[in-house]
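Hi everyone, thanks for coming. I'd like to walk you through one structure today, so please have a look at it while I talk.

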Amino acid sequence: MRSKKNRGFTLIELLVVIAIIALLIGILLPALGKARQSARQLKCSSQVRGILQGMVLWAQSNQDKYPDAGKVDQKNDTLPSQTFDAMKNQSRNIYSLLIYNSFFPPELLVTPAESDGLIVRYEGYELDDPQGAVNPDKALWDPKFKAAPTDFKMHNGTDLAEGNASYAHTPPFGNRISKFGSTYIATEPGVGNRGPQFTGDAQTGWTLVPGALGTESLTLLIHGSRVKWEGNIGYNDNHVNFETRPDPEGLTFSFMNLPPGSKTKPDNLFVSEDDKTGQIAAPNVAYVQTNAWLQIITKVSGQQNNATIEIFKD
């Protein structure tokens, strides 16, 4: 007689065990995915706060203003002379100035939820005699740091392919320059996850533009979904909110020419609206509007009192 002690599993028993394991995996995987997503969002929130704290610390010694690369480099030791100083206030130079002065490390500028493979941590940041500068021994930051992926060539001909910053900030120009500092106002956004492009206006509402920069924008995948933007926004009182829409209900602006009783509308973080009409403003009006606008600035051109800002779009 065959001993019962050596009896193995039957095929049916094995199939039952496999089915149970598969069922458990199916239950646990979504929960693990949500846990990872939540962890990335929390770490990103901490990084936004760290960047904002660095800007605040800079402001404490600079008349409550966040970094102004053009004024800092007036002797043109870091970058060549420009038509006007503010042309140096690209995001790459603003962020690099803070890194060079040890307010935060380069890796803090890349969110753990980054969806664009061309935005990576900057390796080899030169804290001494940066070789990309006009006068390396007198340079005030490493100009080889770049915020956004771009094919722009520096003065020494270096090609820039990758970007090193996930986060957008308030443009330090014209009427918005008063918001680029330690104002301690809880409704003034300073730094946050970048966003897609929208169509519409403040009165009728906003929708994503069709195509790569809107409905297919990589910025939607940072914390949101394939059809909706969500992200961390740091405000000038140094608190960070996880916003679930590009025009948060708690962030409003009063548009002067809208009908009485309906002038105040939610302010879109990623649209430079006309302060009067709430419609999308022309690209060359950076010196005019005052509503909230967070962007990664890649180029500044034009004239001192009529600058045009080019922004990173993905």
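**A helix on the inside**

Let me start with helix α3, residues 91-100: 10 of its 10 residues are buried, so this helix is largely enclosed by the rest of the structure. Before I go further, please keep in mind that this is a predicted model. The buried residues of α3 run from Ser91 and Arg92 through Asn93, Ile94, Tyr95, Ser96 and Leu97 to Leu98, Ile99 and Tyr100. Just after α3 you will find Ser102, which takes a positive phi of about 65 degrees.

Now let's step back to the overall picture. The protein has 314 residues, and 46% of them count as buried. What are its elements? There are 4 helices and 10 strands. Reading from the N terminus, they come in the order α-α-α-β-β-β-β-α-β-β-β-β-β-β. If you draw a box around the C-alpha atoms along the principal axes, you get roughly 100 × 60 × 35 Å.

**Out on the surface**

Next, please turn to helix α1, which spans residues 11-60 and contains Val16. Val16 belongs to a nonpolar patch on the surface, together with Ile12, Ile20, Leu23, Leu24, Ile27 and Leu28. Taken together, the patch has about 690 Å² of accessible area. Is Val16 itself buried or partly exposed? Its relative accessibility is 43%, so Val16 counts as partly exposed.

**Salt bridges**

On to charged pairs. How many salt bridges are there in this model? The count comes to 10, and I'd like to show you some of them.

My favourite to talk about is the pair Arg194 and Asp314, where the closest N and O atoms are 2.9 Å apart. Arg194 sits in the loop between β2 (189-193) and β3 (198-201), while Asp314 is in the segment after β10, so this pair ties together parts that are 120 residues apart in sequence. Both partners, Arg194 and Asp314, are buried.

Then there is Arg121 with Glu123, whose closest N and O atoms are 3.9 Å apart. Arg121 is partly exposed, because its relative accessible area is 43%. Glu123 reaches 55% relative accessibility, so Glu123 counts as exposed. These two are also part of a network of salt bridges that links Glu107, Arg121 and Glu123.

One more pair: Lys228 and Glu230 form a salt bridge, with the closest N and O atoms 3.5 Å apart. What about burial here? Glu230 is buried, with a relative accessible area of 18%. Lys228, in contrast, is partly exposed, with a value of 38%. To see why the two fall into separate classes, remember that buried means under 20% relative accessible area.

**Pockets and cavities**

Let's finish with the empty spaces. The largest pocket has a volume of about 510 Å³. It is lined by 26 residues, and those closest to its centre are Gln197, Trp293, Gln295, Ile311 and Lys313. Which strand gives the largest share of this lining? That is β10, residues 306-311, with 4 residues. By class, the pocket lining has 16 nonpolar, 6 polar and 4 charged residues.

As for enclosed spaces, the count is 2 cavities of 30 Å³ or more. The largest cavity holds about 90 Å³ of space. Its lining has 10 residues, and Gln90, Arg92, Ala148, Thr150 and Thr298 are the closest to the centre. You have met Arg92 already: that residue is one of the buried residues of α3. The lining of this cavity divides into 5 nonpolar, 3 polar and 2 charged residues.

The second largest cavity has about 40 Å³ of space. Who lines it? Thr170, Arg176, Lys179 and Pro189 do, along with Asn291, Ala292, Trp293 and Leu294. In terms of class, that makes 4 nonpolar, 2 polar and 2 charged residues. Do look at Trp293 here: besides lining the second largest cavity, Trp293 is among the residues closest to the centre of the largest pocket.

That's what I wanted to show you. Thanks for listening, and I'm happy to go back to any of these views.

Note on methods. Residues are numbered from 1 along each chain as its sequence is written. This is a predicted model: local features need pLDDT of at least 70, side-chain atom pairs count only at pLDDT 80 or more; totals for chains, interfaces and linings use all residues. Side-chain values use heavy atoms; hydrogens and water are left out. On a 1 Å grid over the protein atoms alone, a cavity is a set of points where a 1.4 Å probe fits but cannot get out, and a pocket is an open set with protein on both sides within 12 Å along at least five of seven lines; lining residues have an atom within 4 Å of a point. Grid points are joined across faces, edges and corners, and a volume is the space filled by probe spheres set on the points. Ala, Val, Leu, Ile, Met, Phe, Trp, Tyr, Cys and Pro count as nonpolar, Asp, Glu, Lys and Arg as charged, and the others, Gly among them, as polar. Patches are made of residues with over 30% relative accessible area and no salt bridge: like charges are joined within 9 Å, nonpolar side chains (Val, Leu, Ile, Met, Phe, Trp, Tyr) within 5 Å. Accessible areas come from the Shrake-Rupley method with a 1.4 Å probe; for residues, only the protein chains shown count as cover. A salt bridge is a side-chain nitrogen of Lys or Arg within 4 Å of a carboxyl oxygen of Asp or Glu. Helices (H or I, at least four residues) and strands (E, at least two) are DSSP runs, numbered from the N terminus. Buried means under 20% relative accessible area, exposed over 50%, partly exposed in between (1.4 Å probe, protein chains only).
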